[in-house]
Amino acid sequence: MSGFSETMGIAASGMQSQTERLRLLSENIANADTPGYRRKTASFEPYAANTMPEGSVQLGRVQLDQTDLTTIFDPSHPMAGPEGSYDGSNVDLVVEIADAREAQRSYEANLRVFDQVRQMSSALSDLLRR
Amino acid sequence: MFEPLEIFDLAAARARHAATRQNVVAQNIANADTPGYRAQSIAAFDDIYRRLGPDGLNSADFSRTFDAKTPLSPNGNSVSLELEMVASVDAQRAHSRALNVYQSALNILRTSIGR
């Protein structure tokens with residue numbers, strides 16, 4: 001017998017992971033113009049500790065995207081090298097926005113499940129009334 | 001004096017099945033962005049009922065999951081949020097239907113004892 005609270009816990013773990021992912025995204029977007037910044041990425045993985053119900057999800061270790069940094073030509077910039085250019089970040093705003101949309105969509109789906117389960121459990125407790 | 005009433009077992013088992021299905025849906029949706037995760041599903045209630053019959057329902061374990069075999073996305077994940085939404089609403093409706101059956105059976109029982 002799987003309890004409703006367990007199901008809600010799973011949906012909550014999904015929402016939490018999507019929130020953390022959105023946090024990383026906003027760090028990336030905020031640092032889009034920081035010289036030498038590498039975008040942070042993290043992958044979803046099954047929840048390891050057994051404090052959460054089976055089937056929960058968590059965000060894995062944060063990794064730095066190792067693609068090449070963009071080279072920006074600006075001889076007047078304080079960090080410009082002898083050839084007049086410096087390393088920018090490797091954040092691609094289009095990718096970040098697309099990722100943010102996906103995070104939002106998944107978050108809403110988790111929320112819908114949470115609400116659905118809540119309705120089911122309140123319908124069940126309605127049986128006890130009268 | 002107190003005969004076991006089959007309709008209560010049936011309605012309770014149906015509600016239990018819907019709750020288990022909802023649990024699996026929650027797992028799928030939570031893992032909608034986990035690379036390599038395969039969407040899971042459980043056997044339909046009518047299949048289980050046909051296999052076990054009315055007597056087996058009480059102890060039936062619905063939680064055995066299997067790969068739902070939906071198409072993979074490039075990261076090896078096979079969860080379709082749309083299909084899961086449908087399954088979730090489906091489970092919720094099945095659950096409330098089962099509870100309604102339980103409730104009206106209860107009402108009939110109450111009426112029959114004159115309360």
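Colleague: At what angle do helix 1 of chain B and helix 3 of chain B pack?
Modeller: This is a predicted model, in which local features need pLDDT of at least 70, side-chain atom pairs count only at pLDDT 80 or more, and totals for chains, interfaces and linings use all residues. Residues are numbered from 1 along each chain as its sequence is written, while chains are lettered from A and ligands numbered from 1 in the order in which they are written. Helices (H or I, at least four residues) and strands (E, at least two) are DSSP runs numbered from the N terminus, and axes are lines fitted to C-alpha atoms, for helices over the stretch in contact, with angles from 0 to 180 degrees between N-to-C directions. For helix 1 of chain B and helix 3 of chain B, the axes are 8 Å apart and the angle is about 160°.

Colleague: Is helix 1 of chain B roughly parallel or roughly antiparallel to helix 3 of chain B?
Modeller: Angles under 35 degrees count as roughly parallel, over 145 as roughly antiparallel, 65 to 115 as roughly perpendicular and the rest as oblique. The angle here is about 160°. Helix 1 of chain B is therefore, with respect to helix 3 of chain B, roughly antiparallel.

Colleague: How many nonpolar residues are in the contact of helix 1 of chain B with helix 3 of chain B?
Modeller: Ala, Val, Leu, Ile, Met, Phe, Trp, Tyr, Cys and Pro count as nonpolar, Asp, Glu, Lys and Arg as charged, and the others, Gly among them, as polar. The crossing of helix 1 of chain B and helix 3 of chain B is left-handed (the near helix is turned anticlockwise from the far one by less than a right angle; right-handed if clockwise). Besides four polar and three charged residues, their contact has nonpolar residues numbering 18.

Colleague: Which elements give two or more residues to the side of chain B that touches chain A?
Modeller: Residues are in contact if their C-beta atoms, placed from the backbone, lie within 7 Å. The contact takes 29 residues from chain A and 26 residues from chain B. On the side of chain B, the elements are helix 1 (6-30) and helix 3 (81-112).

Colleague: How do helix 1 of chain A and helix 1 of chain B run, roughly parallel or roughly antiparallel?
Modeller: Their axes lie 8 Å apart, at an angle of about 15°. Helix 1 of chain A and helix 1 of chain B are therefore roughly parallel.

Colleague: How many charged residues are in the contact of helix 1 of chain A with helix 1 of chain B?
Modeller: Helix 1 of chain A brings residues including A:Phe4, A:Glu6 and A:Ile10, and these helices meet through residues of chain B, among them B:Ala19, B:Gln22 and B:Ile29. By class, the contact of helix 1 of chain A with helix 1 of chain B has seven nonpolar and six polar residues, and the charged count is one.

Colleague: How many charged residues are in the contact of helix 2 of chain A with helix 1 of chain B?
Modeller: The two pack at about 165° with axes 9 Å apart, so helix 2 of chain A and helix 1 of chain B are roughly antiparallel. Among the residues that meet are A:Val113 and A:Met120 in helix 2 of chain A, and B:Val25 and B:Ala30 in helix 1 of chain B. That contact has nine nonpolar and three polar residues, and of charged residues no examples: none.

Colleague: Which element gives the most to the largest nonpolar core?
Modeller: A nonpolar core is a set of buried Ala, Val, Leu, Ile, Met, Phe, Trp, Tyr and Cys residues joined through C-beta atoms within 7 Å. This core has 31 residues, and A:Ala11, A:Val113, B:Val25, B:Ala26 and B:Ile29 touch the most other members. Elements that give two or more residues include strand 3 (57-59) and helix 2 (93-126) of chain A. With nine residues, the element that gives the most is helix 1 of chain B.

Colleague: Is B:Ala39 buried or exposed?
Modeller: B:Ala39 lies in the loop between helix 1 and strand 1 (40-42) of chain B. A residue is buried if 20 or more other C-beta atoms, placed from the backbone, lie within 10 Å of its own, exposed if 12 or fewer, and partly exposed in between. B:Ala39 has 25 within 10 Å, so B:Ala39 is buried.

Colleague: Is B:Lys69 buried or exposed?
Modeller: B:Lys69 sits in the loop between strand 2 (65-67) and helix 3 of chain B, and has a positive phi of about 60° although not a glycine. With 10 C-beta neighbours inside 10 Å, B:Lys69 is therefore exposed.

Methods. Two residues are in contact if their C-beta atoms, placed from the backbone, lie within 7 Å.
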